[in-house]
Amino acid sequence: MENSTQIFGLRAIMEAIYSGETIEKVFIQKGLKGDLYNELETLLRKENISSTYVPIEKLNRLTNKNHQGAVAQISPVAFHDLEELVLQVMETSKTPLFVLLDQLSDVRNFGAIIRTAECTGVDGIIIQKKGGAPVNGDTIKTSAGAVFKVPICKVDHIKDAMFFLQASGIKVIAATEKTDHTIYDVSFKEPCAIIMGSEGRGINPSVLKLVDDKAKLPLLGEIESLNVSVACGVFLYEALRQRL
């Protein structure tokens, strides 16, 4: 974690949250007690901010300052409001294209997807507040700076984002092997959002039930799947090919 992207100290973290700072994650010392700690814990739950309990040695590695048992990671980018972004995109003459990431965990995969999304004209990337990869230095580096060019929305639940997209006339297409249709059988010409799953589990089954269409990549070798960032790239370029 780079010093420029962190806040340390219980009260400093709370003040940052109250002032609207975008907090990615808070590391809290195991066994920490006291009124300030209780206040911070309550605030984190209220604002649905991800936190994890770690040994004090971990915090000492993050900073040599007086951290008081808590260090917060700040996002280097400002996140967009999903409803505002969708309305803004729908008002343009182009056909909307979004990417949803269902708890993708690897920051390098995240960065690679953002880079490809920028190259293929994606209007926005939607991630969940908890359980996904953060936007940090590795994400920025892997994205080659594209993280500052593609709008990213954080939502409480991927399902809620899907419902809103569908209600806005945007079809949700799942990238999954659990279908007979390949990407060449599915139309990406209309407004759509492509949802990619996590590296190990794929798309959550409860999320998969809500999609409008499913598509898979034809695989001729013995390996059963592609890296998620590579697969996303293939999907996005097929969408671009169909729209040209």
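This is a short tour of two sheets, one surface patch and one contact, with something to select at each stop. Keep in mind that you are looking at a predicted model.

**Stop 1: the six-stranded sheet**

Start by selecting strands 5 to 10 and showing them as a cartoon. They form an open sheet of six strands in the order 7-6-5-9-8-10, with parallel pairing. At the edges you'll find strand 7 and strand 10, each of which pairs on one side only. Look along the sheet and you can see the twist: neighbouring strands are turned by 25° against each other on average, direction ignored. As a quick reminder, strands of a sheet pair through backbone hydrogen bonds, either parallel or antiparallel.

**Stop 2: strand 9**

Now select residues 192–196, which make up strand 9. Is this strand enclosed or open to the outside? Five of its five residues are buried, so strand 9 is largely enclosed by the rest of the structure. Turn on the side chains: Cys192, Ile194 and Met196 point one way, while Ala193 and Ile195 point the other way.

Next, add the strands that pair with strand 9. Strand 5 (residues 97–101) is joined to strand 9 by five bridges, and the two run parallel. To find one of the pairs, pick Leu100, whose bridge partner in strand 9 is Ile195. Strand 8 (residues 171–175) also runs parallel to strand 9, with four bridges between them. Here, click on Ile173 and look for its bridge partner, Ile194.

**Stop 3: out to the edge at strand 7**

Move along to residues 152–155, strand 7. This is an edge strand of the sheet, yet both of its faces are covered. Ile152 and Lys154 lie on one side, Cys153 and Val155 on the other, and all of them are buried.

Which strand is joined to strand 7 by four bridges? That's strand 6 (residues 124–128), and the two run parallel. Two pairs are handy for orientation: Ile125 has Ile152 as its bridge partner, and Gln128 stands opposite Val155. Add helix 6 (residues 137–142) to the selection, and strand 6, helix 6 and strand 7 together give you a right-handed β-α-β unit.

**Stop 4: the four-stranded sheet**

Hide that sheet and select strands 1 to 4. This is another open sheet, with four strands in the order 1-4-2-3 and mixed pairing. Its edge strands are strand 1 (6–8) and strand 3 (51–54), each pairing on one side only. Here the average turn between neighbouring strands is 20°, direction ignored.

Zoom in on strand 1 and strand 4 (residues 70–74): they run antiparallel and are joined by three bridges. Phe8 is a good one to click on, as it stands opposite Val71 in strand 4.

**Stop 5: a nonpolar patch on the surface**

Switch to a surface view and colour Tyr184, Leu219, Leu226, Val230 and Val234. Together they make a nonpolar surface patch of about 420 Å². Leu219 sits in the loop between strand 10 (213–215) and helix 9 (228–243). Leu219 counts as partly exposed because its relative accessibility is 36%, which falls between the 20% limit for buried and the 50% limit for exposed.

**Stop 6: Arg243 and Lys189**

Finish with Arg243, in helix 9. At 27% relative accessibility, Arg243 also counts as partly exposed. Now select Lys189 as well: the two are 54 residues apart in sequence, but 5.6 Å apart in space, C-alpha to C-alpha.

Definitions and conventions
Residues are numbered from 1 along each chain as its sequence is written. This is a predicted model: local features need pLDDT of at least 70, side-chain atom pairs count only at pLDDT 80 or more; totals for chains, interfaces and linings use all residues. Side-chain values use heavy atoms; hydrogens and water are left out. Two strands pair if DSSP finds at least two bridges between them. Axes are lines fitted to C-alpha atoms, for helices over the stretch in contact, and angles run from 0 to 180 degrees between N-to-C directions. Patches are made of residues with over 30% relative accessible area and no salt bridge: like charges are joined within 9 Å, nonpolar side chains (Val, Leu, Ile, Met, Phe, Trp, Tyr) within 5 Å. Accessible areas come from the Shrake-Rupley method with a 1.4 Å probe; for residues, only the protein chains shown count as cover. A salt bridge is a side-chain nitrogen of Lys or Arg within 4 Å of a carboxyl oxygen of Asp or Glu. Buried means under 20% relative accessible area, exposed over 50%, partly exposed in between (1.4 Å probe, protein chains only). A crossover is right-handed if, with the strands pointing away from the viewer, the path from the first strand over the helix to the second runs clockwise.
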